Amino acid sequence: MNKQPLFPERGPAFWLTGLAAAISAGTIGLLFVSLVVESVPVFKSEGVSFLWGTDWFAGEVYGALPMIYGSLMVTGLAVVMVLPFALGSAILTSEFLSGRVRLVVKAAMELLAGVPGILYGLMGIALLAVWVRDLFGLIDGNTLFTAGLLLAVMILPTVMTLAEDALRAVPGETRDTALSQGLTRMETVMQVVVPQALPGLAGAVFLGLGRAMGETIAVMLVIGGIDRIPQPWFDLFASGQNIPSKIGREAAEALGFDLQWSALIALGLVLFVMVMTLTTAGHFLLRKAR
Amino acid sequence: MTENVYAIQLENVRLSYSGKAVIDGASCAIRKNAVTAVVGPSGSGKSTLLRTLCRMNDRIPGFRAEGSVRVLGRDIHDPGINVYELRKRVGMVFQKPCVFPKSIYENVVFGLRFHASPNGENFSERAERALRDAFLWDEVKDRLDQPAHILSQGQQQRLAMARTLAVDPEILLMDEPTSALDSKSANAIEDLILSLKEHHTIVLVTHHVEQAERVAEDLICVDDQTVCHKPCQYP
Amino acid sequence: MNPRLWKERATILILYGLTGCGCLVLAVILTTVIMKGAPALSGEFLFEESRNFGSEGGIFYQMIGTLILMAGAAIVCLPVALGSVLFQTEFLHSPPLKKMFRFLIYSLNAVPTIIFGLIGYLFFGVLLDAGVSWVTGVLILAVMILPTLHVSIHEAVESIPDHYREAGLALGLSPGQQMRAVILPQSMYGMVTGTLLGLARAAGETAAIMFTATAFSGVQLPQSWTEPVTTLQTHILVLAQEATNPKALTHAWGAGLVLLTLVFILISVTLWIRSGMEMEAER
């Protein structure tokens with residue numbers, strides 16, 4: 001007799017907020033659906049070779065492998081370079097610095113995480129690329145390495161703050177217990193705190209990876225923009241291309257409905273799947289850590 | 001007939017959270033214009049029972065009420081019932097005094113603003129009446145526009161009562177209204193309860209048997225999922 | 001000396017070294033923008049339009065364009081975000097539906113911004129027939145910052161103490177009245193901080209608007225719905241890519257400094273409000 005309907009109250013407030021909720025859910029749904037639908041033509045015409053093909057000539061053939069390679073390479077590079085700095089400063093901040101210094105550091109990191117990508121891009125093209133060129137004696141400083149380095153700097157604040165949160169989430173009693181057993185502070189951190197915070201730390205890194213992989217503008221300016229896998233494939237000092245950069249460069253000329261547009265959206269779909277995998281894993285790990 | 005005598009009638013009521021019964025097979029009746037105390041060990045479901053009477057448990061996921069709960073002559077789980085009108089007529093005061101971060105005056109007319117009929121009723125008059133009824137007027141009449149936080153806990157609880165009284169309820173539900181207060185404030189609340197019963201039906205959950213004896217005419221014991229009228233085996 | 005202690009000190013030293021390097025890099029970034037940007041700043045730079053391919057004049061219309069896009073996005077986004085949060089917290093009682101809604105918002109947060117540009121153009125530019133215009137840009141950015149506002153407001157609404165809600169309910173307030181009297185006033189700071197963060201995000205975004213909402217030269221204030229604007233972000237982008245004139249590059253840094261100042265002000269105010277709230281909560 002006391003069965004409640006799904007939505008018991010239906011005043012104007014219900015309809016107004018319901019409309020807003022429908023708009024947001026509908027927009028998000030449409031976004032995902034059209035990402036899939038719009039990329040169908042290129043998969044129809046190219047088949048799976050869209051994913052494996054190494055050549056991309058607008059109007060003729062669309063192969064995304066060099067871009068997928070570039071995205072993975074640049075992101076991997078960024079994470080390798082950022083890890084020691086982000087984790088080191090997270091451990092120092094959370095375990096060894098006083099509360100007030102910690103707050104200042106956190107605030108600074110949040111500010112830095114908001115620095116617009118275009119500024120990193122400007123710095124990359126005007127300074128970093130030149131430094132890389134001169135330092136390694138290259139003809140062109142716009143390389144996969146440059147892009148990876150720039151991304152590492154960009155995601156440092158994000159990874160550091162999240163990692164620091166993960167370390168702080170380890171309860172103080174754990175530290176006290178370890179210290180009371182005669183461990184030094186550093187031993188406590190390394191043997192007890194870090195292992196316990198591991199899922200959270202991994203989550204932080206995954207979220208940072210997701211951010212790095214989706215970043216467009218800064219990478220676009222320093223990656224070189226050449227759609228090929230370097231020979232040999234691990235030559236980081238060659239120019240390359242990643243997915244966001246490719247979309248950013250060609251979107252303006254492809255605006256419309258032909259196959260090139262569909263190919264770009266398909267690239268977007270591939271990128272979205274990769275980023276989504278990383279961030280979902282990241283959120284999952286962070287939630288597990290809590 | 002009986003509805004002139006009783007404000008609330010429960011018949012074979014079962015209250016459960018996610019299938020786990022808190023109260024099962026409860027039947028009792030509460031007289032109009034009297035103070036009824038609900039006593040029982042902690043965790044026995046006194047509060048759940050009380051909150052059911054104005055359907056405050058609706059928003060708790062998994063809560064279910066079965067059987068007939070008649071308040072002021074109507075089954076409150078009837079689909080045609082207006083739950084907001086019900087809660088206006090059946091006011092509730094909670095254990096912890098809750099005031100909003102607004103002025104004292106704004107707190108008193110908080111609910112009134114939404115229930116007053118549009119034909120220009122005088123808010124300040126009704127606020128004064130509510131504060132007088134809650135024995136708080138003399139203490140706050142000169143500082144109605146000050147933030148309500150500055151009041152003591154006991155005053156805050158009386159302010160919460162004034163806020164409830166301002167919307168003119170017929171039944172007042174009180175969930176251990178004195179347990180968060182010192183004994184002096186608690187006495188003030190007890191006096192208040194006695195003065196209010198002339199015009200209101202009061203249901204009071206308490207864990208002090210002495211308090212129940214001081215203020216209540218009727219006693220309801222809740223224990224081991226059952227509900228019984230006095231005499232009570234409660235130690 | 002005790003080898004354990006020695007090891008301890010060495011590790012801490014390494015940590016300081018790593019942290020120092022990280023801080024140094026970030027400090028270098030800030031000082032570079034300031035040092036390179038400051039020479040460009042002048043009254044002329046801030047209040048005149050850009051001339052001669054960005055190497056002369058100023059960035060007045062670029063600033064206006066950035067402001068139009070970010071403010072427009074926030075104005076469009078706020079009611080939708082607020083409404084969907086309230087629907088989710090006040091009306092949606094089924095846990096799986098709630099979970100699904102949260103998942104949608106989270107996955108939107110994971111979408112790379114360039115994809116907003118692609119799909120956004122398809123819907124707003126082509127289907128709404130707005131073309132490359134400021135309206136397209138505003139709508140794209142509004143979708144992009146939806147998760148930022150949503151998460152912030154949702155947190156604020158969820159953290160309203162239960163006794164406030166119950167006090168309102170017990171007085172017989174309907175959900176609409178409950179929202180007006182209890183929920184909106186109590187979650188105001190979440191709306192404010194969320195909107196500020198959203199503004200900062202929109203101001204810093206380039207990829208989603210560069211081919212959907214902006215043009216480089218010959219643009220002043222938009223006179224109709226379908227005209228593009230010019231923005232600080234895309235101005236920097238073009239100058240950085242194509243400038244051969246060192247004067248133009250200086251202007252790029254100047255525009256960068258202005259943009260950075262704008263973003264930092266927005267984030268600082270957010271942090272300031274939030275720390276104030278935390279202190280209040282501790283009391």
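Two residues are taken to be in contact if their C-beta atoms, placed from the backbone, lie within 7 Å. The structure described here is a predicted model. Under this criterion, the contact between chains B and C takes 20 residues from chain B and 13 residues from chain C. On the side of chain B that touches chain C, α3 (83-89), β6 (90-93), α5 (112-115) and α8 (153-166) of chain B each supply at least two residues, and the largest share, 4 residues, comes from α3(B). Sorted by class, this side of chain B comprises 11 nonpolar, 4 polar and 5 charged residues.

The contact between chains A and C draws on 69 residues from chain A and 67 residues from chain C. Helix α1 (residues 12-46) of chain A gives the most to the side of chain A that touches chain C, contributing 18 residues. The class composition of that side of chain A is 47 nonpolar, 19 polar and 3 charged residues.

Chain A itself contains 11 helices and 2 strands, and its elements follow one another from the N terminus in the order α-α-β-β-α-α-α-α-α-α-α-α-α. The C-alpha trace of chain A spans about 75 × 70 × 30 Å along its principal axes. Of the 290 residues in chain A, 52% are buried. Among the contacts in chain A with a separation of 6 or more, 74% are between residues 24 or more positions apart.

A single position of chain A may be followed in more detail. T75(A) is located in helix α3 (residues 65-96) of chain A, and it counts as buried because it has 27 C-beta neighbours inside 10 Å, where 20 or more are required. When residues up to four places away in sequence are not counted, T75(A) touches L209(A), A212(A) and M213(A). T75(A) and V193(A), by comparison, are separated by 118 residues in sequence and by 28 Å in space, C-alpha to C-alpha.

Chain B includes an open sheet of 4 strands, ordered β2-β1-β4-β5, in which the pairing is antiparallel. Its edge strands, each pairing on one side only, are β2 (20-31) and β5 (74-75) of chain B. Strand β1 (residues 6-17) of chain B is joined to β2(B) by 8 bridges, the two strands running antiparallel, and within this pair V13(B) stands opposite A26(B) in β2(B). The same two strands, β1(B) and β2(B), form a hairpin with 2 residues between them, and in the turn S18(B) has a positive phi of about 50°. At the other edge of the sheet, 2 bridges connect strand β4 (residues 63-71) of chain B with β5(B), again in an antiparallel arrangement, and V71(B) is placed opposite R74(B) in β5(B).

A further open sheet of chain B has 6 strands in the order β6-β7-β8-β3-β9-β10, with mixed pairing. Here the edge strands are β6 and β10 (226-229) of chain B, each of which pairs on one side only. On average, neighbouring strands of this sheet are turned by 20° against each other, direction ignored. Strand β7 (residues 171-175) of chain B and strand β8 (residues 201-205) of chain B run parallel and are joined by 5 bridges, with L173(B) standing opposite V203(B) in β8(B). Strand β6 of chain B thus appears in two settings, as an edge strand of this sheet and as one of the elements that supply at least two residues to the side of chain B that touches chain C.

For chain C, the domain assignment gives domain 1 (3-40) and domain 2 (43-282). The C-alpha centres of domain 1 of chain C and domain 2 of chain C lie 32 Å apart, and the contact between these domains takes 7 residues from domain 1 of chain C and 8 residues from domain 2 of chain C. The side of domain 1 of chain C that touches domain 2 of chain C divides into 5 nonpolar, 1 polar and 1 charged residues. Helix α9 (residues 188-204) of chain C has 17 residues and reaches 25 Å from its first C-alpha to its last, which is close to the 24 Å expected at 1.5 Å a residue. Because 13 of the 17 residues of α9(C) are buried, this helix is largely enclosed by the rest of the structure.

Terms used. Residues are numbered from 1 along each chain as its sequence is written. Chains are lettered from A and ligands numbered from 1 in the order in which they are written. This is a predicted model: local features need pLDDT of at least 70, side-chain atom pairs count only at pLDDT 80 or more; totals for chains, interfaces and linings use all residues. Ala, Val, Leu, Ile, Met, Phe, Trp, Tyr, Cys and Pro count as nonpolar, Asp, Glu, Lys and Arg as charged, and the others, Gly among them, as polar. Two strands pair if DSSP finds at least two bridges between them. A residue is buried if 20 or more other C-beta atoms lie within 10 Å of its own, exposed if 12 or fewer, and partly exposed in between; C-beta atoms are placed from the backbone. Domain bounds come from an automatic or database domain assignment. Axes are lines fitted to C-alpha atoms, for helices over the stretch in contact, and angles run from 0 to 180 degrees between N-to-C directions. The expected span of a helix is 1.5 Å times one less than its number of residues.
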